[in-house]
Each structure stands twice: as C-alpha cells, then as structure tokens.
Amino acid sequence: MRLSILAKGLTMGLMGLTALTGAAYAQTTVKIYMGQLYAPDSDPRSKETMDAIIADYEKLHPDTKIEPVPWLGGDQSTYFAWLSTRYAAGDEPDIGWSHYYTRNAEADRWTALNEYLDGPNDYIPAGQPGHDKWNDEFFDNVKAQIRAPDGNWYQVNTNWVETGLFINNDLMKANGIDTNWASWTDFIKSCKNLKAKGIQPLGVFATPGWSTDQWLDTLLISAAFADQIPSWHLPAYENPFMKDRQLTPEEMAKATHDGKFSTTDPRFDTFLDLTKEVTDNCIVEGFAGITSLDQIMNLFFNDKVAMAWLGTWNAPTVRDTAKFSVTTTYFPPFTSQNSKYLTQPTIYRVGGPSSSGQFGISSGAADRGTLDASVDFLKFLTAPAQAQRIAAYDEGNLPVIKGVEPAEVAKGFSAISQLPERGITDAVSRYNGEQYGTPHNRLLQSFMLGEISRDEMKTQYQALLDKAVADQCEANSWDWCNK
Amino acid sequence: MTSIAIDRAGVSSVPQSRLRIMSRWVPFLFLLPVAAELIIFRYIPTFSAFYHSLTNWDGRKKDAFIGFKNFTDLFNDNVFRDAFVNMAKYTSLRTIAVLLFAFIAAELIFSIRNERVRMFWKIAFVIPLVVPRSVIYLMWAFIYDPQVGLINEALNLIGLGAWQQPWLGQSSTALGALAFIGFPFVSSLAFLIFVASLEGLPRDIIETAQLEGCSIWKRIWNVDLPMLRGGIVFVAVLLILEGLQTTEPQLILTRGGPGTSTELPAYYLYRTAFDYGKFGQACAVGVVMLGVGLIFTVISMWLRYRSAYDVD
C-alpha cells in the first residue's frame, strides 16, 4: 500500500515536472528593437516605461518572454549595418525599427502585415477604433504613405514627425530682421540682410548621405514641378485620404520613363535656380562639411546661425538648452515669382512617417516560430493605452494612433502638420533605394558648391534617372516598363 | 605500460626519439589555434568573397550566379573610379607625411643624449596613441569647423582671415584635410618603429661617422636611412594598406563628399553592402581591393629587399 502511494506520488511528481519543463520549453522569446524608445543609457524613462509595458504583457502571457535590445546609439547607418549583419546571421530581432522607405525597399526582410491588420485587436476596448479591425486605429493618411509599392504594409506607425524653422529671436531683433515673411522672396531677402551683417542665416547641411538639405531639395523640386505632379498619380495608389500625397517610387519611375520628369524640362531649371538662390544667400557656409543635425544645433545654440531647420524630435533639446528666446515657425509660401509652375502660393510640410515608432516583423520570425507572438505583442504595444504611455516620454514625436494625445512640446507643430504634402519625397526613397539617393545628393552637393556646371549636372543627373528606372523596371517588372 | 623516470637533478629521462618527435610537433600544436582562427575568420571569408563577388548576393536570400557583372558595373561607376584615384592621392600624401614627420621626430629624440630626457619625450609622444581613433576624428571635426574651428580662428587671430576655408566643405581641400588628420604624426606606430630602429643601430658605426667628421645630415643620409630601410618599407606597407581600408573619416566627417572628393574604396564597399544591401557587389569591391593591396605589398617588398645590405 505504502509502495503504491509512493509510486503514485512519484508518478504525479514526474508528470508535474514534465508539465513544468514542457511549459518552460514552450515559452516563446520575442526579441524587439525599438530604437530610441528603449534607450536605457541615455533615457532612463524609456527603460522604465517600456519595462513596465513588457511586464504587463508578460503577466497576460506567461508563455511569452519579450526581450528588448537597447538602443545601439550612433546614427542610422550604425543601426542598419548592425541589422544587415544580424540578418545575414539569421539573428535579427523579431520586431524591428526601420524607416518605411528602407523597409519597403527591402521587403523580403519583413512580413506583410495585411492579414493581421484586417483582424481584430483585442487589446483595444470594444467600440473604439481598431478593436474590430486593427488597421482602423491608425491615421489613414499615415497608412497611405507607408504602403509599399507592392501594395502591402510591412510596418505599423505609432507616431510621426514634423520639421520646423527654429528662430533665434534675440539675434533677429538685435539686427532688425522681421520674420513675418509673406513669401519665399521675403525670406530670401531676410537671408541677404543677415549675410550683409556677417551673420550666417540658415543651419542646413548637405552630405551624400542623409542630410537636412534633402528636405529643402524636396520643397524646391515639388514647387518646380507643382503643375505636373498630380498628373503622374497612378490609379493603384490613389486614396481618398491624401489628395496632396507624395509620389510613390513606381509613379516617380513612370514619370521618368515617360520623359515627364527629366532634366530637359524647363521645370528642372527652375529647381536648379531655386537651389542656387537659397544656397548662395541662406545656407550656412561650410554646409557640405557638416554631417549631423547635432552640429547644426551646436551652431544654433552658439549664435553662429540665426535659424535652424530642425525636427519635432529636437524640440525638447532646444527647449532645455537654448539661452535665448526661440520661435518655432515654418517657411513662407513659394509664389509664381519663384516658380511659374505653381498653381497657387504654396509651401509644403516636410515630415511624415519617418519617426521613432515604425515597427515591422522580420520575415525570419515565421521560420523561428515567433510570428504569432510578435504580432500579438505589436497589437498590445500599439493599443492606445500603451501608446499614450510611450507618448508621455517620447515628447518629440506626434502620435498617430486615434485617441492618443501628443506631449506639450510637440503641440506647437500641429499647424505645420496641416500644410500640404510635398509631391516629391526625399531622394533616398524617391526611387525605392539609397543607391539612387546618394548619387543624387552628391550631384546636388557639387552643384550647390559651384563645383560642377549646370550642364554637367544635368547630363549626369539624367543618366542617374535613367539607371534608376531601368533597375526598378528590372526588379518590379511593371507592365508599363516595355511600352 | 610506460613511465617517465626522473633523475636526481629533476631532469626527465624521456627517450631521445620521443623528445625529437615532441620538439618537431609541439610548435605546430601551439600554432593550431592561430591557424584555426586564420582559416575561419580570414581565409574562408576571403575565398567566400571571391565566390560571392560573382553573385547578386543580398546578404540574405538572393544568391544567383551573375558572372562578372559586379566587376563590370564597378568599373563603369565613376564614383568607384574616383574612389581609387582618391585612394592613391590620400595614401601618397599620408605615407609621405607620416614617414617624414615620424622620421624627423625619431631623429630628434635619438639625438638627445640624456637618457631620462629621451625617455620623457618618447613617453610624451606615445601616450596619445591610446586615444581612440573615433575621438581623434571628432576632435579634428572641431579643428576644421568653418564657423568655430581652431584653424580658422587661429588664421583670424594672426590677421589671415582671408585664408579661412570650409576645410571639409569643399572638394579642393577636403581630401587633403582628411590626409592631414593627426598632424604632425609623431604619435604613431611609425615613430615607435623608427626610434627603436635608430636605437638599435650599432654604436660603433655612429661613433666612427662622428670621428670621421661626418655632419648630422650626412650621417642621416648615408647611415641612418639605408640602415632603416626595412623599417621604412614596413611602415610604408602598413600605411598603404591603411589607406586602402580607411572608412572612419568618411563615416564621421564627410560621408565621401563633397561630391566624390573623399570617397575611398573601403567606404564604397561599406556603403554598397550596408546601405544598399548589395553584398555581392561589395564582395567584388573587396576582391579588387585585395588585388591592389597585394600588388602594392609585393612592390614594397621588392623595393625593401632589392640590394639591401642586411639581407643575403
């Protein structure tokens, strides 16, 4: 009898142990890289909040462990080099951060989320947008912009950014410069006045890689081709939410293929004229030797430039660092005096989905068996309850989830966010890849410095456009390519 | 069953034949980890790069054989061609400047008779070697800054404000500015090698030269330089390979610009792989760089051994 009890006990114990071990083995680990949203060293609040969110999730799902990878630091190229290496080793994070255009250009690295976005998100209370269909919780204009050329969504966006012109009021007042510009021409006049007084007007830098000159470049080229851009829209990309949307890589490629976007078009000369004017009169001297926004901020904080074009993400630093009065405004509109191809006075916002909250799921997650858990955690993370907690410390980004409020310092950018969308996007994403953006930036940099002639610039630029179209046609086999 | 007997002096009486075998094989045993490291982390990646240079490898899935397309694309790319021209300029400038200044510094130190003073200067020159390179590049970013930089401020102070330049912000000065990072180049491996070589020169030769009334210049030209030839060529080879592999100044200071003025092959490779995701083409760049590096090394070695006094 005793032996039988002992045997039963042992059997039960073994079963329990087996169950426990089984449970331990069944645990799924989801590795996530959130960029600066999880930066334990530089932003303890991010760690505190994200750890709390993860703990809440793990309480609901004891079988899932969320493993955040701390922010790597450095610039984006450091991260992308790290990510490429991880992919090559098959050890990339299940959920990763990336710019939407980089992600769309490397679509085979990421999971198309369409079927999940069409499903419910149970972490959102019933009756609220997103509960029945996850996709409904995100802003429609953002979704429209991040959609890949193949029609898929490879990421969800929790926030986005705006850019603004930060003005040193004290310096402007001391030099009698009025900043209530009515037009781009007035703005250029102020630049000239500042230069005449020995003050560098505008902190913008230009490199072959990413730079704020890319923003300026998109403003100028969008103004120069303003009357043509709407006619380049393809029906496949039309959506009711964005009348003034940016052209997709396919639309850009087709316009180039059809000879509508070309260096022989007089509009291209208008673009070059505008570029030269703003370079010679406004942009800080040595702009081609500056490689980061930090250097621009340093010049601004030390009274070396009167204005700096920065992003919402810089606003908290400016608030905490500037020893002078700062106004955040935006450029005045271009008029027909600047580009005769404008249908009305216009200035475009430069901002958009390129923000801290851009998350996609690695295509390797399915092979590793972590796809379902990754999708589930992403649903939890993007639910308004969690997104609001993140928005509280991630002050420099504007939330784009319905029901989530921006931080105080970002609210000033709301007016800028209402401006029309630029028609032509940053050079790095214009043709779906940095391999076309970098040569574009190089040529522009040389032209701005006066190191190559206009004709030389146009010849080389046209060759670049033709190559971009040929490559894109080869990669995507669009039906119009052979026509 | 075998046993090793120990005699009174504690010396093992291992049979001579076994000792011979051990002395023949033990060095190989110690070399094994190094050889394994070399094979796994050097030779296999190198041969793998040869293979992948003939494919359209994207670092992940795509890996189809495309023949020599990567190489033809490379040589048709003006940025790649510019990168090699820049590399030649950058490496020549830097090799000449580093060799010259390090040699002058080494001779100055060598001429100090007081041992303690000489040691002080050696330490003073070598300590900055521990500063990480990235910090040095960031420091030079401030030195070259057009608005608040040390060089432009200094020029302004001495009344040469008209000579102020955006050193890194224009093609005419950017590559030269990169080559002069670290000026006056005394805190370098070259300096250490030259000092050690000079101190290793036979004293009797130096003393004889002095007794014969040989001036310092004549001694340097006729004694020091020929006897330092090995060290000079060694440093030159290192500098050429460094020029071929340089990426940090581009990453930190210029991103290869303005235009293509500071683009170098290694940075081109980095960008092709990690920014563009074209790993196959990046491997092709690596293969070309390997070839160029080998050619320069062979030439340098030939120069070093050609009628050298210290080699049979």
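Two residues are taken to be in contact if their C-beta atoms, placed from the backbone, lie within 7 Å. On that basis, in this predicted model, Leu202(A) touches Cys191(A), Cys282(A), Ile283(A), Val284(A), Val305(A), Met307(A) and Trp309(A), leaving aside its neighbours within four places in sequence. Leu202(A) sits in the largest nonpolar core, a set of 69 residues, where Leu202(A) and Ala308(A) touch the most other members. Another core lies apart from that one; it has 58 residues, including Met50(A), Val161(A), Trp313(A) and Leu381(A).

Chain A, to step back a little, is built from 21 helices and 11 strands. Its radius of gyration is 25 Å, which agrees with the value near 23 Å that a compact globule of 483 residues would have. The C-alpha trace spans about 105 × 60 × 40 Å along its principal axes. Buried residues account for 51% of the 483 residues in the chain. As for how the chain folds back on itself, 74% of the contacts between residues at least 6 apart in sequence join residues at least 24 apart.

The domain assignment splits chain A into domain 1 (29–160 + 354–414) and domain 2 (161–352 + 415–476). Taken over C-alpha atoms, the centres of domain 1 and domain 2 of chain A are 29 Å apart. Where the domains meet, domain 1 of chain A puts in 23 residues and domain 2 of chain A puts in 31 residues. On the domain 1 side, the elements giving two or more residues are helix H3 (76–89), helix H4 (100–105), helix H6 (140–146) and helix H17 (408–411) of chain A. H6(A) makes the largest contribution to that side, with four residues. By residue type, the domain 1 side divides into nine nonpolar, 11 polar and three charged.

One helix of chain A is worth a look on its own. Helix H15 (residues 371–382) of chain A has 12 residues and reaches 16 Å from its first C-alpha to its last, close to the 16 Å expected at 1.5 Å a residue. With 11 of its 12 residues buried, H15(A) is largely enclosed by the rest of the structure. The buried residues of H15(A) include Asp376(A) and Lys379(A), along with Phe377(A), Leu378(A), Phe380(A) and Leu381(A). Leu381(A) also turns up among the members of the 58-residue core.

Chain B is another story. There are 14 helices and zero strands in chain B, so to speak a run of α-α-α-α-α-α-α-α-α-α-α-α-α-α along the sequence. The radius of gyration of chain B is 26 Å, well over the 20 Å that the globule rule gives for 312 residues, so chain B is more spread out than a compact globule. Along the principal axes, the C-alpha atoms of chain B fill a box of roughly 85 × 70 × 35 Å. Buried residues make up 32% of the 312 residues. Of the contacts in chain B with a separation of 6 or more, 68% involve residues 24 or more positions apart.

Helix H1 (residues 16–52) of chain B carries Phe41(B). Phe41(B) has 10 other C-beta atoms within 10 Å and is therefore exposed, the cut-off for that class being 12 or fewer. The C-alpha atoms of Phe41(B) and Met22(B), 19 residues apart along the chain, are separated by 29 Å.

The two chains meet through 26 residues from chain B and 30 residues from chain A. On the chain B side, helix H12 (248–254) and helix H13 (265–275) are the elements that give two or more residues. H13(B) supplies the largest share of that side, three residues. The chain B side divides into 11 nonpolar, 11 polar and four charged residues.

Some backbone oddities round off the picture. Most residues other than glycine have a negative phi, and most peptide bonds are trans. The peptide bond between Phe183(B) and Pro184(B), however, is cis, with omega about 10°. Pro184(B) lies in the loop between helix H7 (171–179) and helix H8 (189–199) of chain B. That loop between H7 and H8 also holds Phe185(B), whose phi is positive, near 60°. Phe185(B) counts as buried, with 20 C-beta neighbours inside 10 Å. A cis bond also runs from Gly257(B) to Pro258(B), with omega near -5°, and Pro258(B) is found in the loop between H12 and H13 of chain B. In chain A, Ser477(A) has a positive phi near 45°. Ser477(A) lies in the segment after helix H21 (454–476) of chain A and counts as exposed, with 9 C-beta neighbours inside 10 Å.

Key. Residues numbered from 1 in each chain as written. Chains lettered and ligands numbered in written order. Predicted model: local features only at pLDDT ≥ 70, side-chain atom pairs only at ≥ 80, totals over all residues. Nonpolar A, V, L, I, M, F, W, Y, C, P; charged D, E, K, R; others polar. Core = buried A, V, L, I, M, F, W, Y, C linked by C-beta atoms within 7 Å. Rg over C-alpha atoms; globule rule 2.2 N^0.38 Å. Expected span 1.5 Å × (residues − 1). Domains from an automatic or database assignment.
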